[in-house]
Amino acid sequence: MPSVSSRGRGRRTMSEINMVPFIDVMLVLLIIFMVTAPLITPSQIELPTVGQAARQPERFVQVLIDRQGQLQVREGAAHAAAISVALEQLPARVRELQGPPVAADAAPVPVIISADREVKYESVLQVMDALQGAGIARVGLSVQASR
């Protein structure tokens with residue numbers, strides 16, 4: 001309730017905000033946060049390890065990215081011949097190597113991206129984006145087991 005001042009010619013109300021309850025509440029909240037902050041454990045992100053991967057598929061298409069960012073595509077393991085392609089032609093070439101689906105419910109042939117350690121992450125993302133934009137479903141990354 002505003003207080004009334006009787007100074008001067010008439011009665012006027014004084015507009016004041018009492019800050020004491022606000023400060024009390026803020027101090028209580030500060031104490032609560034200071035006490036509970038050390039009790040909160042930081043979250044840990046658990047990344048998958050190479051040992052958890054399933055066995056390598058029998059048939060797959062491999063996209064190779066070398067240090068200069070050049071793309072090559074080959075079917076299967078390292079003994080197959082690699083064909084150089086441009087990023088724009090990559091989805092069509094991958095579909096050609098995947099071949100027609102064997103059955104309607106069969107899983108598509110997976111595509112494995114193998115990039116050199118020196119390649120920028122952006123190059124790998126551009127390849128993944130081009131493949132997924134063309135509707136190629138099973139795209140994975142090749143890793144080398146640590147020694």
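A residue counts as buried when its relative accessible area is under 20%, and as exposed when that area is over 50%. Keep that cut-off handy for the exercises below, and remember that you're working with a predicted model.

**Exercise 1. Decide whether arginine 93 is buried or exposed, and find what it touches.**

Step 1: Locate the residue. Arginine 93 sits in helix H2.

Step 2: Apply the cut-off. The relative accessible area of arginine 93 is 16%, so this residue is buried.

Step 3: Look for its contacts. Skipping residues up to four places away in sequence, arginine 93 touches Val73, Ile83 and Val85.

**Exercise 2. Do the same for leucine 90, then work out which residues it meets.**

Step 1: Leucine 90 is also part of helix H2.

Step 2: Its relative accessibility is 0%, so leucine 90 counts as buried.

Step 3: Leave out the neighbours within four places in sequence, and leucine 90 is in contact with Val63, Leu71, Val73, Val85, Val127 and Leu131.

Step 4: Pick out Val127 for a check on distance. Leucine 90 and valine 127 are 37 residues apart in sequence, yet their C-alpha atoms are 8.2 Å apart in space.

**Exercise 3. List the elements of the protein in order, then lay out the five-stranded sheet.**

Step 1: Count the pieces. You should get three helices and seven strands.

Step 2: Walk along from the N terminus, and the elements read β-β-α-β-β-β-α-β-α-β.

Step 3: Put the sheet together. Five of the strands make an open sheet, ordered E5-E4-E3-E6-E7, with mixed pairing.

Step 4: Find the edges. E5 (83-85) and E7 (139-141) each have a single partner strand, so one side of each has no neighbour in the sheet.

Step 5: Check the twist. On average, neighbouring strands here are turned by 30° against each other, ignoring direction.

**Exercise 4. Describe the surroundings of strand E6 and trace the chain from E6 to E7.**

Step 1: Start with burial. Four of the five residues of E6 are buried, so the rest of the structure largely encloses this strand.

Step 2: Look at one partner. E3 and E6 run parallel and are joined by five bridges; one of the pairs is isoleucine 65 with alanine 115 in E6.

Step 3: Follow the chain onwards. From E6 the chain passes through H3 to E7, and this β-α-β crossover is right-handed.

Step 4: Now take the other partner. E6 (residues 111-115) pairs with E7 in the parallel sense over three bridges, and isoleucine 113 has leucine 141 in E7 as its bridge partner.

Step 5: Add the helix. H3 (residues 121-133) packs on the sheet, where H3 touches E3, E4, E6 and E7, and its direction makes about 165° with that of E6.

**Exercise 5. Find out which elements build the largest nonpolar core.**

Step 1: Name the best-connected members. The core has 19 residues, and those touching the most other members are Val63, Leu90, Val94, Val111, Ile113, Val127 and Leu131.

Step 2: Sort by element. At least two core residues come from each of E3, E4, H2, E6 and H3, and H3 gives the largest share, four residues.

Step 3: Zoom in on one member. Beyond its neighbours within four places in sequence, valine 94 is in contact with Val61, Val63, Val73, Val111, Leu131 and Ile136.

Step 4: Recall the general idea. In soluble globular proteins, nonpolar side chains tend to be buried together.

Technical notes:
Residues are numbered from 1 along each chain as its sequence is written. This is a predicted model: local features need pLDDT of at least 70, side-chain atom pairs count only at pLDDT 80 or more; totals for chains, interfaces and linings use all residues. Side-chain values use heavy atoms; hydrogens and water are left out. Two strands pair if DSSP finds at least two bridges between them. Axes are lines fitted to C-alpha atoms, for helices over the stretch in contact, and angles run from 0 to 180 degrees between N-to-C directions. Contact means heavy atoms within 4.5 Å. A nonpolar core is a set of buried Ala, Val, Leu, Ile, Met, Phe, Trp, Tyr and Cys residues joined through side-chain atoms within 4.5 Å. Buried means under 20% relative accessible area, exposed over 50%, partly exposed in between (1.4 Å probe, protein chains only). A crossover is right-handed if, with the strands pointing away from the viewer, the path from the first strand over the helix to the second runs clockwise.
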